[in-house]
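I opened the notebook to record what I looked up in this structure. The entries follow the order in which I went through it.

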Amino acid sequence: MSFFAQLGLRKVINASGKMTALGASAVSDEVADALKRAAQDYVDIDEMMEFAGSVIAEYTGAEDGCPTCGAAAGIAIATASVITGKNLSLIERMPDSEGLRNEVIIQKGQQVHFGASIAQMVRIGGGKPIEVGNANKVEPDHIEQAITEKTAALLYIKSHHAVQKGTQSLETMMRIAKEHQLPFIVDAAAEEDFQAYIRMGADIVIYSGGKALEGPTSGLICGKKKWMEACRMQYKGVGRPMKVGKEGVAGLIAALKQYPSKEDNGDEQIERMTKLTEALADAKGLHCSIKQDEAGRAIYRAQIQVDASKAGMTAAELLHRLESGNPAIFLRHHYVNVGILSVDPRPLLKGQEDIIASEIKRILKEGQSS
Ligand SMILES: *Cc1c(COP(=O)(O)O)cnc(C)c1O
């Protein structure tokens, strides 16, 4: 029986992706073992944090790193670090940054909500978010002209949540930061390439440990040594209420070590999703196919098009019934308004595609007979 079911919580089948609201990732045995062994022992935390920094450096190509409890904490801690540097008195004052260089420039279409708002995370770190340009139109001038003697850093959000057209590229924003000798921070929370932005020259890059890395609830910051030392020092200040425990750091290290050897399992995904679409082939009002990820990643999802007139319910109704059942089944629903649901094979545990197919058929049959 699942741990959560033992507590009396509903069993969740996650076919939607790396969703914080569903517990982000289910870790491998190696990562789970690291979590368990670390939790049952003691360590000198400062020594472990420095060691973790060196592991992060090794896998990202950065000079140094800092573990966090998530990418959101990474934004707050990175912001504090560029305001305070390694000055302990300033570190102990955050998030009160009055009179200091504290402005963080963000393109308007990137000031997004990932579950909470980027701007709020900046404020928690003592920063004052300065949105520049318009949601779908930002010129280099908008960025340049927002730079003052109060500017602490430029922050770029690399995310599918952000507006993808009309904003300035990462390269352009970084060039402007460098011309003004300002630190350039990238929030790459869900990105799969842990080296790209450091290679391009970013000063500070933030990742989630629970998304592409498939680690425990955790995160990491990587970048220039002086900033990473300042980041780790924030645990004496604003970072304290967002501390990452020894278990989290241990799991993060294990996940980093495992990451380079992870193989593309595209063939297996296609096989499982074909099985699902075949099982649904005789369901009235559904048209199923297999679609590769829009962004071209090696993800093959089953797409379910719901013809409401034949199925007896809309895609939104089917989605709602699946989510409110027990097991609760969560599908991807970015296109539910045009009648499309999809099944993401990545987070599915063994055999769950069969449960999804039978639940969909059961719900449709119920709807069609009533
Ligand atoms: C998910 C996400 C975050 C927060 O990451 P956590 O690890 O859950 O704290 C921050 N920024 C973006 C763009 C995200 O997608």
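Is Lys 262 buried, partly exposed or exposed? Before answering I note that I am working from a predicted model. Lys 262 has a relative accessible area of 38%, and because buried means under 20% and exposed over 50%, I entered Lys 262 as partly exposed.

**Entry: the partner of Lys 262.** I then looked for what the side chain of Lys 262 meets, and found a salt bridge with Glu 214, at 2.9 Å from N to O. Lys 262 sits in the loop between helix H11 (246-258) and helix H12 (266-279), while Glu 214 sits in the loop between strand E7 (204-208) and strand E8 (219-223), so that I have the pair down as a link between distant parts of the chain, 48 residues apart. Glu 214 also counts as partly exposed, at 27% relative accessibility.

**Entry: other salt bridges.** I found that the structure holds 20 salt bridges, and I looked up two further ones by residue. In one of these, Asp 344 pairs with Arg 301, and the closest N and O atoms are 3.0 Å apart. Asp 344 lies in the loop between strand E12 (340-343) and helix H15 (352-369), and Arg 301 lies in strand E10 (residues 300-306), so this pair ties together parts that are 43 residues apart in sequence. I noted both Asp 344 and Arg 301 as buried.

The other is the salt bridge of Glu 359 with Arg 362, whose closest N and O atoms are 2.8 Å apart. Both residues belong to helix H15 and are three residues apart, about one turn of the helix. Glu 359 is buried, with a relative accessible area of 17%, whereas Arg 362 counts as partly exposed at 41%. I also recorded one network, in which salt bridges that share partners join Asp 293, Arg 301, Arg 332, Asp 344 and Arg 346.

**Entry: the ligand.** Which residues are around the ligand? I listed Thr 20, Gly 70, Ala 71, Ala 72, Phe 114, Ile 157, Ser 159, His 161, Asp 187, Ala 189, Ser 208 and Lys 211, and this shell divides into five nonpolar, five polar and two charged residues. For contacts to oxygen atoms of the ligand, I noted a backbone N or O atom of Ala 71 at 2.8 Å, a backbone N or O atom of Ala 72 at 2.9 Å, and an N or O atom in the side chain of Ser 208 at 2.7 Å. The ligand taken alone exposes 390 Å², of which the protein buries 89%.

I followed up Ala 189 from that shell, and found this residue in the loop between strand E6 (184-187) and helix H9 (196-200). Ala 189 is buried, with a relative accessible area of 13%. From Ala 189 to Val 205 the C-alpha to C-alpha distance is 8.8 Å, and the two are 16 residues apart in sequence.

**Entry: the nonpolar cores.** Val 205 led me to the largest nonpolar core, which has 81 residues, and in which Ile 105, Leu 154, Leu 155, Phe 184, Tyr 197, Val 205 and Ile 221 touch the most other members. Helix H4 (residues 71-84) supplies the largest share of this core, nine residues. Apart from this core I recorded another, of 26 residues, including Ala 315, Leu 322, Val 343 and Leu 348. As background, nonpolar side chains in soluble globular proteins tend to be buried together.

Technical notes
Residues numbered from 1 in each chain as written. Predicted model: local features only at pLDDT ≥ 70, side-chain atom pairs only at ≥ 80, totals over all residues. Heavy atoms only, no water. Near = heavy atom within 4 Å. Polar contact = N/O pair within 3.5 Å; in protein donor to acceptor, adjacent residues only side chain to side chain. Areas by Shrake-Rupley, 256 points an atom, 1.4 Å probe, with all protein chains shown as cover. Nonpolar A, V, L, I, M, F, W, Y, C, P; charged D, E, K, R; others polar. Core = buried A, V, L, I, M, F, W, Y, C linked by side-chain atoms within 4.5 Å. Buried < 20%, exposed > 50% of the residue type's maximum accessible area, 1.4 Å probe, protein only. Helix = DSSP H or I, 4+ residues; strand = E, 2+ residues; numbered from the N terminus. Salt bridge = Lys/Arg side-chain N within 4 Å of Asp/Glu carboxyl O.
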